[in-house]
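Let's take a walk through this protein together, with the model open beside the text. We will go from single residues to cores and pockets.

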Amino acid sequence: MTNQQFDGRALINGQRVDARDGATFDCISPVDGRLLTVVARCGQADVDAAVAAGRAAFEDRRWRGMAPAARKRVMIKFADQLLAHADELALMETLDMGKPIQYARAVDVNSAANCIRWYGEAVDKIYDEIAPTASTGLALIQREPVGVVGVIVPWNYPMIMAAWKIAPALAAGNSVVLKPSEKSPLTALRLGDLALQAGIPPGVFNVVTGYGAQAGSPLALHMDVDCIAFTGSTRVGKQIHIMAAQSNLKRAWTELGGKSPNIVFADCPNLDKAVEAAVGSIFFNQGESCNAPSRLFVEASIKEKFLEKALALVPGFAPGNPLDPATVMGAIVDKTQMDSVLRYIEVGQREGAKLLAGGAQALQETGGCYVQPTIFDGVNNDMTIAREEIFGPVLSVLSFTDAAAVVRQANQSVYGLQAAVWTRDINKAHGVARALRAGTVHVNQYDEDDITVPFGGFKQSGVGRDKSLHAFDKYTETKTTWIRIDSPV
């Protein structure tokens, strides 16, 4: 099963192709260090070809010219293709970026398919508007696809992050050029194959693989790309906005970093549930989640009891072989990221945080990239591990005694992606939720939302929203047509 062969060639205008200059890079599995395949290392010429294919498809209306109901049927077939190839995609995702196979199958494949299906179903259910006018006028307000959309996605949820962007962009009638992370390119390429099999015309959905400087930057700078959608670090996101402005002032939408506060008050309605959510959410996906609740604020009067319960759960998150169906925490995506996580752990200890659990590399004998689930106590908001996004299985625990003070600490961050509050007091819940500067606030749960609500952040967590019907705003232009009516009656 794990000897599967992978096609690392790019997908441009409906064909799998090598990079124009023949360049490749190795795709290495973080599970055990094996070489999975060589992947096309695309550059400017390949991006140009993909954008040209997308533009030709847009101009001849082979996709956007379809009736909405017809596009809907193709999108639903696309979603069905993912489910039909679910085991293959899950294995590919696990080998490529290290997440446990059980979650790759149950979460990533299913969520990506559901996203594509949801936007497909929405295509013929979104109505345009007629503005109120005098009897001499008829004012139509209509959405139109923006054109060619560039999409750059990260390595932590390759399929899901791609689906969140390509699904509304395609559903609206755009052409898409997708650039996956060089750390996890394989499922993006396979999505391109499945889109063709579902009936999305050649040229409408293209996939270029490669590194940011050679493939990502040319896409963001391209004069014939109308919109760029990016998920990744805040540092690179800022560069994306600059490149969008420097080129053709293309629309730029970014979903960036986070340092999400999880606030547990002493009157939490279910302490065990709060503990399970705090621990499970930071260690899920090896902590490689932009919305991971990496800052845990626990009211001082219950902190000792909370930590006792939390530490009892840690052994259940010991890293294991991601291909084992029982594994709940897998491998860090690559050695570079693993080393970064370990450096943050060293910095935390050096700055005075108290290491309660973990703190070291694990399973070194496998040749893979694994880090122990790590918990720090005695953290304050000025410490590096409380300020910077670690993107690994590291939880920082802080304490508080006052609601107003903890809100100030929670908001004392350049990020504002997600937050949570645990309390049985409805006034406190609403008050704190309103005061938190975050795109999503969870109350008495963490991360139970779905595709129906928008996802994005305040401050340096990005611009724009993925998910929900609001995502269509990113990939459409609003056009007004004012018609003079001189009625004879």
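A residue is called buried when its relative accessible area is under 20%, exposed when it is over 50%, and partly exposed in between. Keep in mind as you read that this is a predicted model. With those cut-offs in hand, start at Asn 13, in the loop between strand 1 (10-12) and strand 2 (15-17). Is Asn 13 buried or partly exposed? Its relative accessibility is 38%, so Asn 13 counts as partly exposed.

Asn 13 also deserves a look at its backbone. Most residues other than glycine have a negative phi. Asn 13 is not a glycine, yet its phi is positive, at about 55°. Gln 286 is another residue other than glycine with a positive phi, in this case near 60°. You will find Gln 286 in the loop between helix 9 and strand 13 (295-299). Gln 286 has a relative accessible area of 0%, and therefore it is buried.

Next, find Thr 231, which sits in strand 10. Thr 231 counts as buried because its relative accessibility is 5%. What joins the side chains of Thr 231 and Lys 165? The answer is a polar contact of 2.5 Å. Lys 165 has company around this threonine: leaving aside neighbours within four places in sequence, Thr 231 is also in contact with Ile 152, Val 153, Pro 154, Met 161, Glu 255 and Asp 466.

Now for the nonpolar interior. In soluble globular proteins, nonpolar side chains tend to be buried together. Here the largest nonpolar core has 72 residues, and those with the most contacts inside it are Phe 78, Leu 82, Leu 170, Ile 200 and Phe 205. Helix 5 gives the most to this core, contributing eleven residues. To see the packing around one of these residues, centre your view on Ile 200. Beyond its neighbours within four places in sequence, Ile 200 is in contact with Trp 63, Val 74, Met 75, Phe 78, Leu 170, Ala 195 and Phe 205. A second core, separate from this one, has 29 residues, including Met 338, Phe 400, Ala 410 and Ala 438.

Finally, turn to the open spaces. The largest pocket has a volume of about 1,000 Å³. Two or more residues of its lining come from each of helix 7 (212-221), strand 10 (227-231), helix 8 (234-246) and helix 11 (335-350). Which of the elements gives the most to this lining? Helix 8 does, with six residues. In total, 36 residues line the largest pocket, and Trp 155, Gly 232, Ser 233, Arg 235 and Val 236 lie nearest its centre. By type, the lining divides into 15 nonpolar, 14 polar and seven charged residues.

The second largest pocket holds about 620 Å³ of space. Helix 4 (101-122), helix 5 (158-171) and helix 9 (271-283) each give two or more residues to its lining, and helix 4 gives the most, with five. Of the 25 residues that line this second pocket, Val 107, Ser 111, Ile 160, Trp 164 and Asp 447 lie nearest its centre. Its lining divides into 13 nonpolar, eight polar and four charged residues. Helix 5 therefore makes a good place to end the walk, as you can trace it from this pocket lining back to the largest nonpolar core, to which it gives eleven residues.

Definitions and conventions:
Residues numbered from 1 in each chain as written. Predicted model: local features only at pLDDT ≥ 70, side-chain atom pairs only at ≥ 80, totals over all residues. Heavy atoms only, no water. 1 Å grid on protein atoms, 1.4 Å probe; cavity = no way out; pocket = protein on both sides within 12 Å on 5 of 7 lines; lining within 4 Å. Points joined across faces, edges and corners; volume = space filled by probe spheres on them. Helix = DSSP H or I, 4+ residues; strand = E, 2+ residues; numbered from the N terminus. Nonpolar A, V, L, I, M, F, W, Y, C, P; charged D, E, K, R; others polar. Buried < 20%, exposed > 50% of the residue type's maximum accessible area, 1.4 Å probe, protein only. Polar contact = N/O pair within 3.5 Å; in protein donor to acceptor, adjacent residues only side chain to side chain. Contact = heavy atoms within 4.5 Å. Core = buried A, V, L, I, M, F, W, Y, C linked by side-chain atoms within 4.5 Å.
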